[in-house]
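The following exercises introduce a protein model to a reader who has not met it before. Each task is followed by a solution that proceeds step by step.

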Amino acid sequence: MHTSVMEQITTTVTQLPQTLEPRNPGLPLDFDWALSVQANTSAIERRCASLPGRRSVKKDHQAAWLARAISCIDLTTLSGDDTAGRVKRLCAKARQPVRQDILQQIGLPHLTTGAVCVYHDMIETAVTALQGSGIPVAAVSTGFPAGLSPLHLRIEEIRESVKAGASEIDIVISRRHVLTQNWQALYDEMAAFRTACGDAHVKAILATGELGSLRNVGRASLICMMAGADFIKTSTGKESVNATLPVTLVMLRAIRAYYNRTGFRVGYKPAGGISKAKDAITYLALIKEELGDRWLRPDLFRFGASSLLGDIERQLEHHLTGGYSANHRHPIG
């Protein structure tokens, strides 16, 4: 594979998991700004419907985009039957996400995923399994996925996860604050979560499929950033509707507006339902168009996914051999 195509990917991998940007410190709640957010649903849906047909990459360039997608995956297991063995296998996959012969042929022998995401009880197992790899551990918290436990317990859960070794915390907001338009309560809650995280980066899960409208998604995105979120994330993956392109477009434009006003870059994480390599490329193309190349790095963009990696590995093998292999030849965990 041509070195020029892969050069930026290689640079990105060697930087994991360093923080390359100053953290978003937040700012006082600006009701006027938040309430000015609107969303033209029909226009947003038309834009998103046209994107897959307008953006197509082939051959070496497609392989490079897929390698970039791998470097931005939060490889995730959030099941009630998770075991230490499953998490260890997942961490081994994060260390070597694609068969070594494929990685060698595409010129990226040290490619890893962006992070491993687990429940609190599996943090220490994941930290131990990833020791020396530079791959951070993310933990879901605050009564994930519903976020309905008492606030003091949600805050303590964050502290315990940080103490256990998680360097990223994926929190869930209280959807009722958005649905009842109680923006002050949402801001205060998010600010408390950010404080509890300390040096760990915080991803705010909006559960966009439960917020009622794209306008609510835009306003909630902006308010969570005002309260200090390092990332905003679509979904827990447990809702009936998870990441979609229209929701992504709204959230990306909120991130752009926040950056234009404050100068601080906030990350974005779509999660749930992204399982095909072609869909990953579509999301990356939308990020590139709306926010630019700087956001196409794992410190500012992540996929919350488990099965996505397997399909990307199959596509990379097809790129090199011309044939597709069976899914069982690319196990995740």
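**Exercise 1. Determine how helix 10 and helix 11 are placed relative to each other.**

Solution. The model is a predicted one. The first step is to take the two axes: those of helix 10 and helix 11 (residues 214-226) come within 8 Å and cross at roughly 45°. The next step is to classify this angle. Angles under 35 degrees count as roughly parallel, and 65 to 115 as roughly perpendicular. Helix 10 and helix 11 are therefore oblique to each other. As to handedness, helix 10 passes helix 11 in a right-handed crossing. On the side of helix 10, the contact is formed by Trp183, Leu186, Tyr187 and Met190. Helix 11 contributes Asn216, Arg219, Ala220, Ile223, Cys224 and Met226. Sorted by character, the residues of this contact comprise eight nonpolar, one polar and one charged.

**Exercise 2. Carry out the analysis for helix 8 and helix 10.**

Solution. Begin with the geometry: the axes of helix 8 (residues 151-164) and helix 10 (residues 183-197) come within 8 Å, with a crossing angle of roughly 30°. Helix 8 and helix 10 are therefore roughly parallel to each other. Their crossing is right-handed. Then list the residues in contact. Helix 8 supplies Leu151, Arg154, Ile155, Ile158, Arg159 and Val162, while helix 10 supplies Glu189, Ala192, Phe193, Ala196 and Cys197. The division by character gives eight nonpolar, no polar and three charged residues.

**Exercise 3. State the order of the strands in the open sheet, and explain which strands stand at the edges.**

Solution. First, the secondary structure of the protein comes to 14 helices and eight strands. The open sheet of eight strands has the order 7-6-5-4-3-2-1-8, and the pairing is parallel. The ends of this order give the edges: strand 7 (267-269) and strand 8 (303-305) each have a single partner strand, so one side of each is left without a neighbour in the sheet. On average, neighbouring strands of the sheet are turned by 25° against each other, direction ignored. One pairing may be examined in detail. Strand 1 (residues 73-76) runs parallel to strand 8 and is joined to it by three bridges. Within this part of the sheet, Asp74 stands opposite Gly304 of strand 8.

**Exercise 4. Identify the strands across which helix 8 and helix 14 lie.**

Solution. Take helix 8 first. Helix 8 lies across strand 3 (137-140) and strand 4 (168-172), and runs at about 160° to strand 4. Next, helix 14 (residues 308-321) lies across strand 1 and strand 8, at about 120° to strand 1.

**Exercise 5. Describe the backbone features found in the loop between strand 3 and helix 8.**

Solution. Two residues of this loop are considered in turn. Thr142 is found in the loop, and has a positive phi of about 60° although it is not a glycine. Pro145 is also found in the loop. The peptide bond leading from Phe144 to Pro145 is cis, with omega near 0°.

**Exercise 6. Assess whether the radius of gyration agrees with that of a compact globule.**

Solution. Start from the chain length of 333 residues, for which a compact globule would have a radius of gyration near 20 Å. The protein has 19 Å, which agrees. For its extent, the C-alpha trace spans about 55 × 45 × 35 Å along the principal axes.

Key:
Residues numbered from 1 in each chain as written. Predicted model: local features only at pLDDT ≥ 70, side-chain atom pairs only at ≥ 80, totals over all residues. Heavy atoms only, no water. Axes fitted to C-alpha atoms, helices over the stretch in contact; angles between N-to-C directions. Helix = DSSP H or I, 4+ residues; strand = E, 2+ residues; numbered from the N terminus. Parallel < 35°, antiparallel > 145°, perpendicular 65-115°, else oblique. Left-handed = near helix turned anticlockwise from the far one by under 90°. Contact = heavy atoms within 4.5 Å. Nonpolar A, V, L, I, M, F, W, Y, C, P; charged D, E, K, R; others polar. Pairing = 2+ DSSP bridges. Rg over C-alpha atoms; globule rule 2.2 N^0.38 Å.
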